Amino acid sequence: MEPHENTGHPRRWAILSVLVISLLVVVLDNTILNVALRTLADPVHGLGATQGELAWAINSYTLVFAGLLFTFGVLGDRFGRRRLLTLGLALFGLASLLSAYAQDPMQLIAARALMGIGGAAIMPSTLSIISNVFDPRERGRAIGVWAGAVGLAVAIGPVLGGALLEHFWWGSVFLINVPVVAVGTVLVAVLVPESRDPAPGRVDLIGVLLSVVGLVALTYGIIDGGEHGFGRPQVWVAIAGGLAALGWFVAYERRSDHPALDVRLFRVPRFAAPVALVGLVFFAAMGVMFFGAFYLQLVRGYSPLQSGLLFLPCAAAQLIFAPRSAAMVRRHGGRAVATVGLSLTAAALGCFVFIDADTPIWVFSALGFVQGAGMANIMPPATESIMSSLPREKAGVGSAVSNTVRQVAGALGVAVLGSLLSAVYREQVAPATAALPAPAREAARESVSGAYAVADRLGPAAPRLLDAANDSFVSAMHWAAGVSAVVAALGLMIALRWLPSRPPADATPAGERELAGTA
């Protein structure tokens with residue numbers, strides 16, 4: 001074969017556009033729902049859902065999605081990635097339709113769980129198909145487009161959700177998925193070629209089951225701790241049980257002659273270091289999005305639609321720079337590009353420490369742009385490094401590991417930074433609420449949203465409580481931003497120490513080559 005011959009599929013760029021459409025639907029739905037929560041709680045215009053039911057409308061999806069990502073990555077390699085992508089789109093579209101016309105909160109929760117199954121089948125399939133239809137020399141650019149689409153969807157979700165809720169009923173945030181999924185399913189059938197592992201071996205049923213149990217238990221413990229506090233025994237039982245199951249999974253996979261995941265890959269820097277970077281960056285970024293939304297809507301008084309628009313610069317930066325990151329890696333090496341990206345991200349997160357209630361709002365969006373530019377130069381090189389560590393026939397496993405780490409780390413970031421935010425807020429706002437009646441005092445101390453609800457009934461005393469609540473929240477936000485910046489800086493140290501500077505000269509996947517050397 002000539003060195004210059006392109007081994008990619010002739011329709012690879014058209015295939016990429018179809019995969020991006022499939023991906024956008026999944027990521028958009030996660031962010032759109034957050035905008036609709038207040039409407040869903042309304043007994044007249046929504047479903048009259050309680051706070052606990054709203055939480056489960058989100059968490060039922062997250063639990064199933066995180067728990068099955070790895071499993072579906074393995075199954076896609078074995079049974080066909082296009083087949084799994086088509087099945088995932090069909091389930092996602094059906095679940096979206098059921099969610100849109102749910103008659104009570106329990107129906108919505110069940111439909112969201114079904115949606116999580118579909119999303120878990122779609123997400124790893126898109127990335128593994130990219131690895132199979134693109135030549136290794138073009139794969140980095142294609143993954144940059146894929147990563148840019150993720151960043152765009154995260155930011156435009158609230159904008160789209162706010163626009164839909166201003167003109168239509170709450171079910172429209174789910175119903176909009178149906179025509180997109182229908183078009184995507186047809187295009188997948190017409191354009192996307194089937195690919196699978198030609199020699200899959202036996203199914204590692206025990207390993208797959210252990211991964212599902214471990215990931216579901218760990219994710220549940222993280223989510224429950226973030227919502228109700230980490231001081232309760234059942235939270236740590238779930239977390240410890242999840243970690244124990246994952247530890248058993250690692251031990252079993254090391255002894256298995258047909259492992260779902262060759263855990264020796266984590267000894268390969270080209271695989272392990274980017275996996276760690278993905279986790280740390282999403283831990284920090286999702287925590288910032290969590291407190292940023294509250295800051296914009298409550299402290300600054302913007303509507304959900306306006307808040308979504310203020311997050312757009314972050315998405316625009318990812319859309320602009322992520323597709324160009326592959327060229328930067330070729331010119332300067334992966335370590336240099338990731339180091340610059342992590343430095344920008346850590347700096348932007350650190351600057352949120354200086355944001356207060358009166359900061360010009362353009363500063364918030366400018367910091368979002370810098371953070372987006374940084375992440376655009378972290379995620380594509382890291383993802384490309386993970387995928388290039390494995391042969392094409394194992395692309396589903398690499399994609400599943402990357403996406404699972406991202407999902408669990410994002411949930412952990414929201415839980416840990418959210419808990420820190422709540423603890424600092426409660427301590428800071430306590431003096432201002434001391435004179436309130438017990439029920440009002442507890443509500444105002446619970447969250448800044450609770451303080452606003454109490455203030456509506458206080459009359460002339462409301463401004464003093466609101467000022468104290470805003471100041472307390474901003475102070476708590478500074479602590480959360482500081483921890484986020486430290487986490488990003490930890491990623492910077494990992495990149496400098498373990499991330500390879502440049503890919504190897506030969507085309508053999510790094511993990512395959514290094515494991516062969518240690519066999």
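Reader: Glad to have this model open. Is phenylalanine 65 buried or exposed, and at what relative accessibility?

Author: A word on the ground rules: this is a predicted model, in which local features need pLDDT of at least 70 and side-chain atom pairs count only at pLDDT 80 or more, while totals for chains, interfaces and linings use all residues. Residues are numbered from 1 along each chain as its sequence is written, and side-chain values use heavy atoms, with hydrogens and water left out. Buried means under 20% relative accessible area, exposed over 50%, and partly exposed in between (1.4 Å probe, protein chains only). Phenylalanine 65 therefore counts as buried, at 2% relative accessibility.

Reader: Thanks! How many aromatic pairs does a search of the whole structure find, and what kind do tyrosine 61 and phenylalanine 65 form?

Author: Rings of Phe, Tyr and Trp (its six-membered ring) pair if their centres lie within 6.5 Å; planes under 30 degrees apart count as stacked, over 60 as edge-to-face and the rest as tilted. The search of the whole structure finds ten aromatic pairs. For tyrosine 61 and phenylalanine 65, the centres are 5.4 Å apart and the planes differ by 20 degrees, so the pair is stacked.

Reader: What separates tyrosine 61 and phenylalanine 65 along helix α2?

Author: Helices (H or I, at least four residues) and strands (E, at least two) are DSSP runs, numbered from the N terminus. Tyrosine 61 and phenylalanine 65 are four residues apart in helix α2, so what separates them is about one helical turn.

Reader: And how are the rings of phenylalanine 311 and phenylalanine 364 arranged, and which helices hold them?

Author: Their ring centres are 5.6 Å apart with the planes at 75 degrees, so this pair is edge-to-face. Because phenylalanine 311 lies in helix α11 (residues 304-321) and phenylalanine 364 in helix α14 (residues 361-376), the pair ties together parts that are 53 residues apart in sequence. Both residues are buried. The helices asked for are α11 and α14.

Reader: Which residues form one aromatic cluster with Phe311 and Phe364?

Author: The cluster has two further members besides Phe311 and Phe364. They are Tyr295 and Phe352.

Reader: Turning to charges, how many salt bridges does the structure hold, and which side chains meet there?

Author: A salt bridge is a side-chain nitrogen of Lys or Arg within 4 Å of a carboxyl oxygen of Asp or Glu. The structure holds one, with an N to O distance of 2.5 Å. Its partners are glutamate 138 and arginine 12.

Reader: How far apart in sequence are the parts that this pair ties together?

Author: Glutamate 138 is buried, with a relative accessible area of 19%, and arginine 12 is buried too, at 15%. Glutamate 138 lies in helix α5 (residues 136-167) and arginine 12 in helix α1 (residues 12-41), so the parts tied together are apart by 126 residues.

Reader: Which residues does serine 125 touch, not counting those up to four places away in sequence?

Author: Serine 125 is found in helix α4 (residues 105-133) and counts as buried at 3% relative accessibility. With contact meaning heavy atoms within 4.5 Å, serine 125 touches Arg81, Leu84 and Leu85.

Reader: Lastly, how many helices and strands does the chain have, and what is its radius of gyration?

Author: The chain has 20 helices and zero strands. The radius of gyration is taken over C-alpha atoms, and the globule rule is 2.2 Å times the number of residues to the power 0.38. With 519 residues, a compact globule would come out near 24 Å, which agrees with the chain's value of 23 Å.
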